[in-house]
Amino acid sequence: MISLLIVEDDFAVRDTLKDFIEFMYDDVVVSEAVDGKSASAKLDAERFDILITDQMMPDMKGSDLIGLYFEKLTTDGTWIYVYSGQMNEELQKKFQDYPQVEIIDKFTNPTFFKEIIDKFKDSQSQA
Amino acid sequence: MRYLRVVFGLLLLITSLQSITAQERSVIDLRDADFEESIELAGQWDFYWKQLITSSEDLEPSKNKVVLPHDWAQETLDDVRLSAEGYTTYSVRIILPRERPQLGMYIPHAFSSYKVIVNDSLIWESGKVGISKEEYRGYREPKVVSLREFKTQTLDILIQVANFDHYNAGLYYPLEVGLYSNLARKVRMNQGISLFLAGGFFITGFVLLAFSSVYKNLSLPIPFYAIFSLSMMYRMVGADYYPLHAMFNDLNFHFAITMEYLSAYSAALSGGLFVFFMYPKQTPTWTKWSYSIVGLLFIVTTLLTSSLFFTTLLKFYLAFILSYLVMFLWIILKAKKEKDPTSNYLLATVVVVFVWAIFQTLSFLNVTQPFYELRVILVSCIIILCNLALFRTFVMRINLVKQAEAELEYQKSRQTMLSLISHEIKMPIATLQMNMEMLKMSSERPEKFEKVKDKIVGLSLNAVETIKRMLNDFIYFMSLDQSSNDKLSFDDIKCFISDNWSFELIANSLESIEKRQYPTDKLTLKYILNTVVGNAEKYTKGTDQPVEIHLKADTSEILIEVRDFGIGMSKEQLAKMGSEQAKIDENQEITGMGFYLAKDLSRRLGHELSITSRGTDGTSVFIKIKRV
């Protein structure tokens, strides 16, 4: 089973994305976190294969969350994705020295989330 | 034969008399003068070239007679043109009335040093007269010397003059004899006026330099005008009546003369550049460049060459400026015709500058009287008109800039709207896209689809509704005039609300203000209230008290309150409302944006939109419509 954590404060986005992924895959378990605090609790408690986080959250920035858990995430081999609708350039700069972190445009193409999982699965099967 | 002897003898007598007349000293007879008005000592003077005579006693009349005012640089003696460099003595005998008031003699200046000796007494030396450049020291300051001490009816006047610095030389400007007190008062007053005008130019120049540092977008014309003013300030103190020299009479003469000429060039150059940069569209490029290059050439020449040379050039520059003043007039008239912000004051200023420059040139060339009083009036007019012109023109330009800023703000607001829409619309589109993907896969996963199909339909409908509303907002926002065109009374607004919304309306006002008019735009106000009321409805559950609209008015404003009794909002939520990034909670992204637009539209109408939480009792949104 692939464990995926979505960190997104917007209920509609989170709910739709969870439904979409769970509809498409039987072997993906989607966990949700509504903000940085609940994401931290989940990251402390569990290991995730994929982390997809929004950059703009009420209590914490997605980049700060990644910064806090970067060592654990890289040790765990978690694929890290961060998105933000309006600040992609700023994010690109912030993570230019971190090839492990990929920046994606928020919902320009939602099937991209499907591609992430397919890519992850391919890498697992090759391994 | 006897008759022939008589004729011959008479001829000899006439010839000898002519010879005696030719060798007589020059005399100016003022015995009939009453000295109510000062009298110019124009006329014939004895001229002793290359002689510095100190005593009139036994002084032989000069065979060289000249007429004052006199420029020896234009003089020819024995078929030889005199050089401007040199020294001489002018001599005349003045015969005064036996009974006379206390007299004085006014001497403007005599390029560049002179000494006045009356009845063999030295009464004034300006600079130091000498026979070489090393011995001599130039100085310029108008002076009134007293003749009160001389009680004789005849005054033998010797004026030694030496010049090694200026193109013109000698008693170039007319000397005057008159009442000492009148002449002294005239000099003092004119020096005072010069200082006063200099103060006007100084303040203008100084203030404008500060002004230009604030309004960067107007920076080019303003500093040029400031430099023009400061240059004119120097002209006022360092030329004509030379009050600066009177205050600092040990001022280095070369520095003073250089500054006198530099200030003339810089005033003309910066004044011209002021016009060119004020009206760049109307200024032909060649005009600006040729004017600047010529002006700079004169400045550089003044700085790098001897005063004897650079003083020869001013008359050419004055002619050049007079021709360009016509060009300035043409540029300003063209700007006016093309409806560029310009002021009639500026046109008047250029006309006055033109007239002033003509008189200045004529005075400099000694073609006419100095017309100092007239020039003072003209310069005063220039200061006043220039400041009025600047004020008017810059107010016009600042208004234009403000209009441009308002337009920019409007465009920015549209851009923000566009950006918001393009960002926020992604979510419902993505929802639709994900739902479509699930629909496509529905045959492969019927069980899963069965579980989510109702949710998919609901979310899709919501997404479509959201997109429709966003597009509506967008079209409305982009097409709206957004200005207060309607005038509504309290009753009008009351009817307007009760006609459009079915909530309970509680209205309170004083009778006296019910007829007063409040500016708004009904269509925009409807949009704003729709958004606010829509939000209030969303926060109201079935069990909550229904939304109320309260209407209050006082002498200065009308207050519309949309009051809900829902779950209320936190401080963080309140702080985010009305911002571009508004996101409240689930399903609230579009509402947040709607509120942002409502707030922006309110601002454009001159209304104030604010939101207050009443804790657990709900939320109130206020729209304040001010009376003009």
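From the N terminus onward, chain A follows the order β-α-β-α-β-α-β-α-β-α. That amounts to 5 helices and 5 strands in chain A. The model is a predicted one.

**Chain A overall**

Chain A has 127 residues, and 53% of them count as buried. Its accessible surface comes to about 5800 Å², with 48% of that area belonging to carbon and sulfur atoms. When contacts in chain A between residues at least 6 apart in sequence are considered, 64% of them join residues at least 24 apart.

**Salt bridges**

Over all chains, a search of the whole structure finds 25 salt bridges. Three pairs, among them one between the chains, are listed here with the distance between their closest N and O atoms.

| Pair | Closest N and O atoms |
|---|---|
| R445(B) and D26(A) | 3.5 Å |
| K121(A) and D27(A) | 2.9 Å |
| E437(B) and K440(B) | 3.4 Å |

Consider the pair of R445(B) and D26(A), whose closest N and O atoms are 3.5 Å apart. R445(B) lies in the loop between α11 (426-440) and α12 (446-479) of chain B, while D26(A) lies in the loop between α1 (11-24) and β2 (28-33) of chain A, so this salt bridge joins two chains. D26(A) has a relative accessible area of 55% and is therefore exposed, since the cut-off for that class is over 50%.

The loop between α1 and β2 of chain A also holds D27(A), whose partner K121(A) sits in helix α5 (residues 111-126) of chain A; the two are 94 residues apart, and the pair links distant parts of the chain. Neither end reaches the cut-off of over 50% for exposed, nor does either fall under the 20% for buried, so both belong to the class in between. K121(A) is partly exposed at 26% relative accessibility, and D27(A) is partly exposed at 28%.

The pair of E437(B) and K440(B) stays within one element: both residues lie in helix α11 of chain B, 3 residues apart, or about one turn of the helix. Are the two partners buried or exposed? E437(B) counts as buried, because its relative accessibility of 18% is under 20%. K440(B), in contrast, is exposed, with a relative accessible area of 58%.

Salt bridges also form a network in this model, which links D15(A), D19(A) and K455(B).

**A nonpolar patch on chain B**

Which residues form a nonpolar patch on the surface? They are F202(B), I203(B), F206(B) and V207(B), and together they have about 410 Å² of accessible area. One of these residues, I203(B), is found in helix α2 (residues 180-214) of chain B. I203(B) counts as exposed because its relative accessibility of 53% is over 50%.

**Cysteines**

A disulfide is a covalent bond between the sulfur atoms of two cysteines. How many disulfides are there over all chains? The count comes to 0, with the cut-off for a pair of cysteine sulfur atoms set at within 2.5 Å. Two cysteines of chain B can be described by their accessibility. C381(B) counts as partly exposed at 30% relative accessibility. C495(B), at 43% relative accessibility, is likewise partly exposed.

Notes
Residues are numbered from 1 along each chain as its sequence is written. Chains are lettered from A and ligands numbered from 1 in the order in which they are written. This is a predicted model: local features need pLDDT of at least 70, side-chain atom pairs count only at pLDDT 80 or more; totals for chains, interfaces and linings use all residues. Side-chain values use heavy atoms; hydrogens and water are left out. Helices (H or I, at least four residues) and strands (E, at least two) are DSSP runs, numbered from the N terminus. Buried means under 20% relative accessible area, exposed over 50%, partly exposed in between (1.4 Å probe, protein chains only). Contact means heavy atoms within 4.5 Å. Accessible areas come from the Shrake-Rupley method with a 1.4 Å probe; for residues, only the protein chains shown count as cover. Patches are made of residues with over 30% relative accessible area and no salt bridge: like charges are joined within 9 Å, nonpolar side chains (Val, Leu, Ile, Met, Phe, Trp, Tyr) within 5 Å. A salt bridge is a side-chain nitrogen of Lys or Arg within 4 Å of a carboxyl oxygen of Asp or Glu.
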